[in-house]
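User: Hi! I have a protein model open on my screen and would like to go through it with you, one question at a time.

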Amino acid sequence: MEHGSIITQARREDALVLTKQGLVSKSSPKKPRGRSIFKALLCCFHTQHVVQSSSSTELTHKEEANTIAKIPGTCLLPEVTEQDQGRICVVIDLDETLVHSSFKPINNADFIVPVEIEGTTHQVYVLKRPYVDEFLRRMGELFECVLFTASLAKYADPVTDLLDRCGVFRARLFREACVFHQGCYVKDLSRLGRDLRKTVILDNSPASYIFHPENAVPVQSWFDDMADTELLNLIPVFEELSGTDDVYTSLGQLRAP
């Protein structure tokens with residue numbers, strides 16, 4: 001279901017600008033400087049979509065890769081709390097999994113988040129995926145939940161503040177916690193400090209969990225379909241997973257035809 005011509009236009013012209021799907025844009029190659037920076041704020045770059053059209057873009061990628069490579073090899077997460085002892089750790093993506101954000105105005109936006117880019121404040125319009133509140137509430141009851149996004153904290157942190165009013169996420173990880181691998185920001189679950197047999201990742205981008213596909217529960221990318229029931233349908237799946245001692249076995253059974 002489309003929400004008017006504004007969102008339709010946004011999806012047509014720059015949906016990829018505002019998601020993890022890559023750098024490709026339908027707009028003119030001569031983009032305003034601020035727009036290019038906004039891409040860098042939100043995007044995770046898939047190899048098949050990366051457009052290295054200028055030396056400045058290549059330099060930006062190299063600088064970000066170098067920054068990520070300097071992260072110490074310690075665990076990304078703190079010690080498990082008493083509340084979460086024995087629970088499975090579920091790593092949950094943000095953009096196109098729980099919400100969709102746009103640089104263009106959306107009449108029915110759930111949140112409008114100001115983000116400063118090079119000294120100028122821009123408004124980011126955020127739509128919540130249907131049933132996200134119910135989904136997060138149930139996840140918080142069953143699991144140790146961790147937000148892990150390839151977006152920058154200056155955008156993702158305030159969005160998560162508004163989305164997660166009940167404090168479901170025990171920790172938040174942003175782009176600097178990813179591994180830059182072959183043009184993608186990959187979420188390396190082995191760096192979390194959790195038993196991989198009790199770790200699951202929910203993400204719309206297979207490139208994000210390319211190191212650990214057997215730990216993944218894939219989810220369809222979401223933009224603006226208010227009839228979407230993906231998160232609602234996933235609740236019983238995770239309820240079943242919550243009692244397992246080995247996610248590889250349980251997920252393997254769920255994938256079996």
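User: Let's begin with Q123. Is Q123 buried, exposed or partly exposed?

Analyst: Happy to help, and please keep in mind that this is a predicted model. Q123 sits in strand β4, which covers residues 120–128. Its relative accessibility is 33%. Buried means under 20% and exposed over 50%, so at 33% Q123 counts as partly exposed.

User: Which residues does Q123 touch, leaving aside those up to four places away in sequence?

Analyst: One useful pair to look at is Q123 and I112, which are 11 residues apart along the chain. Their C-alpha atoms are separated by 6.2 Å. With residues up to four places away left out, the residues touched by Q123 are S102, F103, I112, V113 and P114.

User: Stepping back to the whole protein, what share of the contacts with a separation of 6 or more comes from residues 24 or more positions apart?

Analyst: For orientation, the secondary structure comes to 7 helices and 10 strands. The protein has 257 residues, and 49% of them count as buried. Among contacts with a separation of 6 or more, the share from residues 24 or more positions apart is 71%.

User: How much of the exposed area do carbon and sulfur atoms supply?

Analyst: The protein exposes about 12000 Å² in total. Of that area, carbon and sulfur atoms supply 51%.

User: I always check the cysteines. Why is C89 not bonded to C145?

Analyst: A disulfide needs two cysteine sulfur atoms within 2.5 Å, and by this rule the count comes to 0 disulfides. C89 is buried, with a relative accessible area of 1%. The closest cysteine sulfur to that of C89 is in C145, and the pair is too far apart for a bond because the separation is 8.1 Å.

User: And is C75 buried or exposed?

Analyst: The cut-off to apply here is that exposed means over 50% relative accessible area. C75 has a relative accessibility of 52%, so this cysteine counts as exposed.

User: Now the helices. How are α4 and α6 oriented to each other?

Analyst: Helix α4 spans residues 132–142 and helix α6 spans residues 230–241, with their axes 9 Å apart at an angle of about 10°. Angles under 35 degrees count as roughly parallel, so α4 and α6 are roughly parallel. On the α4 side, the residues that meet α6 include F135, M139 and L142, and their partners in α6 include L234, I235 and F238. As for handedness, the crossing of α4 and α6 is left-handed.

User: Which residues make the contact between α6 and α7?

Analyst: The axes of α6 and helix α7 (residues 247–255) come within 10 Å and cross at roughly 140°. The two helices are therefore oblique to each other, and α6 passes α7 in a right-handed crossing. The contact is made by S250, L251 and L254 of α7 together with V237, E240 and L241 of α6.

User: Last topic, backbone angles. What is the phi of Y131?

Analyst: Y131 belongs to the loop between β4 and α4. At 34% relative accessibility, Y131 counts as partly exposed. Its phi is positive in a residue other than glycine, with a value near 70°.

User: And where is Q182 found?

Analyst: Q182 is not a glycine either, yet has a positive phi of about 50°. Q182 is exposed, with a relative accessible area of 59%. Its place is the loop between β7 (179–181) and β8 (184–186).

How values were computed
Residues numbered from 1 in each chain as written. Predicted model: local features only at pLDDT ≥ 70, side-chain atom pairs only at ≥ 80, totals over all residues. Heavy atoms only, no water. Helix = DSSP H or I, 4+ residues; strand = E, 2+ residues; numbered from the N terminus. Buried < 20%, exposed > 50% of the residue type's maximum accessible area, 1.4 Å probe, protein only. Contact = heavy atoms within 4.5 Å. Areas by Shrake-Rupley, 256 points an atom, 1.4 Å probe, with all protein chains shown as cover. Axes fitted to C-alpha atoms, helices over the stretch in contact; angles between N-to-C directions. Parallel < 35°, antiparallel > 145°, perpendicular 65-115°, else oblique. Left-handed = near helix turned anticlockwise from the far one by under 90°.
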